[in-house]
Amino acid sequence: MGMNVDKAYADAESIFRAGLSRVDPASMLASTVSVVMEPAPTLIVRTEIQEERIDLSGFGRLVVTGMGKASARMALGLERALGERITGGLVAVKRGHVESLSRVSLIEASHPVPDSSSVEAARAVLGVCGEPDARTLVIVLISGGGSAILCAPAQGLSLADKAATTRLLLASGAAIHEVNCVRKHLSAVKGGRLAAAYAPATVLSLILSDVSGDDLDAIASGPTVPDPTTFEDALGIVRRYGIMDSLPASVADRLLRGAAGEIPDTPKPGDPAFARSKTVLLGSNRLALMAARARAEALGYSTLALTARLSGEAREAALMYLAVGKDVAASGFPLMRPACFLAGGETTVTLRGLGLGGRNQEMALAFLDAMERFPKDAEDLVFLAASTDGNDGPTDAAGAFASMELSARAKAAGIKAADYLADNDSWHFFDRIGGLLRTGPTNTNVCDIQVLLVP
């Protein structure tokens, strides 16, 4: 079994890395953005699923801006694609996530908790065009983390007001889209307000999605796209979770006045702010899965990509993968061997113990535990679950593998998957038996990818 399982580990990692490579911000920008000169100089942005063209002859300047954990690497790729056509710009990045750029400046800010540096970054990004006009083209590079990195409290609010409100919302159990709805209505930059600030310039937003389902208004809180939510929605959320009376007075007042129509709402679909605005989703979990599928097929596997929206408990998702793998091993349904199943998204972990791990390591450990308890038809399966940003939870691993060979290593080491699973201690389990995948920080993030192989 030794050589075959080693090949399966290598294949699983190669398939995962093909997905990762598709969403590397620098190569992604360099390969999707180009300029053709005939019949007129035209900027082309082309992905597997979308194409946009902008005639450059009507513009006097091309300004680059953006925000997010991957925006510096995105700017690096854009500089490679556009070179001296870029007349200047500034992107806001998570502190330490920098690149050496020649035409675009960087400003570092705090993440995940915004501070005064995030307010300064927002001010700089809002003012990057000076006086925008119809001869200005602004390319906005957006990636996950932009919400915290760019923090511009609306008039009459302070950073402390916004921070207190966010803490209350998170503690109340509000879903992330509900938290974002409220935050958009307390901001001068989120929910399409950045696009409004740049009007009448033409705005081209290039987006790397860290959101399952790729809702554009959720990525970095949608600074350049229409916001379908209203002040009334935001007010309903704080009332529903019983935190209205605990809000800072300035926040409660703003929500009440906004719902009464005394403050302009965020720009909606059809608003003139978006008349000269285009948006391209450059990288996403789905696009990463498409690249991973191509690699698996090239390696000779019959391949099925199940979904880019996997959610729910990590340990429950593991059981679905195991069931699919056993079907193939037993009967060749729904694919004949050698088979590969892929999925992506973002699962959750309910903490029961005090161990160290992340949602992907937990999924791999639950897969291994279930394999050990029900080994029939699971003997040849190899499973890999990993995070595309290279940090699964608060650990140094991107994820972990599961197989009966790793189970044998655990038995030899005298440790049991079930014990570590009960303590949410997947990292220590896999670290002891050599089952972790370590990629280091990848400077990209499109959620997670899982690879199941039936050699």
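The following exercises, each with a worked solution, examine the sheets, helices, aromatic pairs, unusual backbone features and enclosed spaces of a predicted model.

Residues are numbered from 1 along each chain as its sequence is written. Because the model is predicted, local features need pLDDT of at least 70 and side-chain atom pairs count only at pLDDT 80 or more, while totals for chains, interfaces and linings use all residues; side-chain values use heavy atoms, with hydrogens and water left out.

**Exercise 1. The sheet of six strands**

Task: Establish the order of the strands in the open sheet of six strands, and state which strands form its edges.

Solution.
Step 1. Helices (H or I, at least four residues) and strands (E, at least two) are DSSP runs, numbered from the N terminus. Two strands pair if DSSP finds at least two bridges between them.
Step 2. The order is E6-E5-E4-E7-E8-E9, and the pairing is parallel.
Step 3. Strand E6 (105–109) and strand E9 (277–283) are the edge strands, each pairing on one side only.
Step 4. On average, neighbouring strands of this sheet are turned by 20° against each other, direction ignored. Axes are lines fitted to C-alpha atoms, for helices over the stretch in contact, and angles run from 0 to 180 degrees between N-to-C directions.
Step 5. At the E6 edge, strand E5 (residues 88–94) pairs with E6 in the parallel sense over five bridges. Val91 stands opposite Leu106 in E6.

**Exercise 2. Helices on the sheets**

Task: Determine which strands are touched by helix H2 and which are crossed by helix H4.

Solution.
Step 1. Contact means heavy atoms within 4.5 Å.
Step 2. On the sheet of six strands, helix H2 (residues 25–32) touches strand E7 (136–142), strand E8 (202–208) and E9, and its direction makes about 125° with that of E9.
Step 3. Helix H4 (residues 116–126) lies across strand E4 (61–67), E5 and E6, running at about 150° to E6.
Step 4. H2 also lies across E1 and E2, at about 25° to E1.

**Exercise 3. The sheet of three strands**

Task: Describe the open sheet of three strands and the loop that joins E1 to E2.

Solution.
Step 1. The strand order is E1-E2-E3, with antiparallel pairing.
Step 2. Its edges are strand E1 (33–36) and strand E3 (51–55), each of which pairs on one side only.
Step 3. Strand E2 (residues 42–46) and E3 run antiparallel and are joined by five bridges. The bridge partner of Val45 is Glu52 in E3.
Step 4. The loop between E1 and E2 contains Pro39. The peptide bond from Glu38 to Pro39 is cis, with omega near -5°.

**Exercise 4. From helix H13 to strand E14**

Task: Identify how Phe367 and Phe383 are arranged, and trace the strand pairings that involve E12, E13 and E14.

Solution.
Step 1. Rings of Phe, Tyr and Trp (its six-membered ring) pair if their centres lie within 6.5 Å; planes under 30 degrees apart count as stacked, over 60 as edge-to-face and the rest as tilted.
Step 2. The structure holds five aromatic pairs. One of them, Phe367 with Phe383, is stacked, at 4.5 Å centre to centre and 10° between the planes.
Step 3. Phe367 lies in helix H13 and Phe383 in strand E12 (residues 382–387), so the pair ties together parts that are 16 residues apart in sequence.
Step 4. In the loop between H13 and E12 lies Asp377. Its phi is near 70°, a positive value in a residue other than glycine.
Step 5. E12 pairs with strand E13 (residues 399–402) in the antiparallel sense over four bridges, and Ala385 stands opposite Ala400 in E13.
Step 6. E13 in turn pairs antiparallel with strand E14 (residues 436–437) over two bridges. Gly399 has Leu437 in E14 as its bridge partner.

**Exercise 5. The second largest pocket**

Task: State the volume of the second largest pocket, and the residues and elements that line it.

Solution.
Step 1. On a 1 Å grid over the protein atoms alone, a pocket is an open set of points with protein on both sides within 12 Å along at least five of seven lines, whereas a cavity is a set of points where a 1.4 Å probe fits but cannot get out; lining residues have an atom within 4 Å of a point. Grid points are joined across faces, edges and corners, and a volume is the space filled by probe spheres set on the points.
Step 2. The second largest pocket encloses about 230 Å³ of space.
Step 3. It is lined by 13 residues, of which Glu372, Ser407, Lys411, Ile415 and Lys416 are the closest to its centre.
Step 4. Helix H13 (359–373), helix H14 (404–413) and helix H15 (417–422) are the elements that give two or more residues to this lining. The largest share, four residues, comes from H14.
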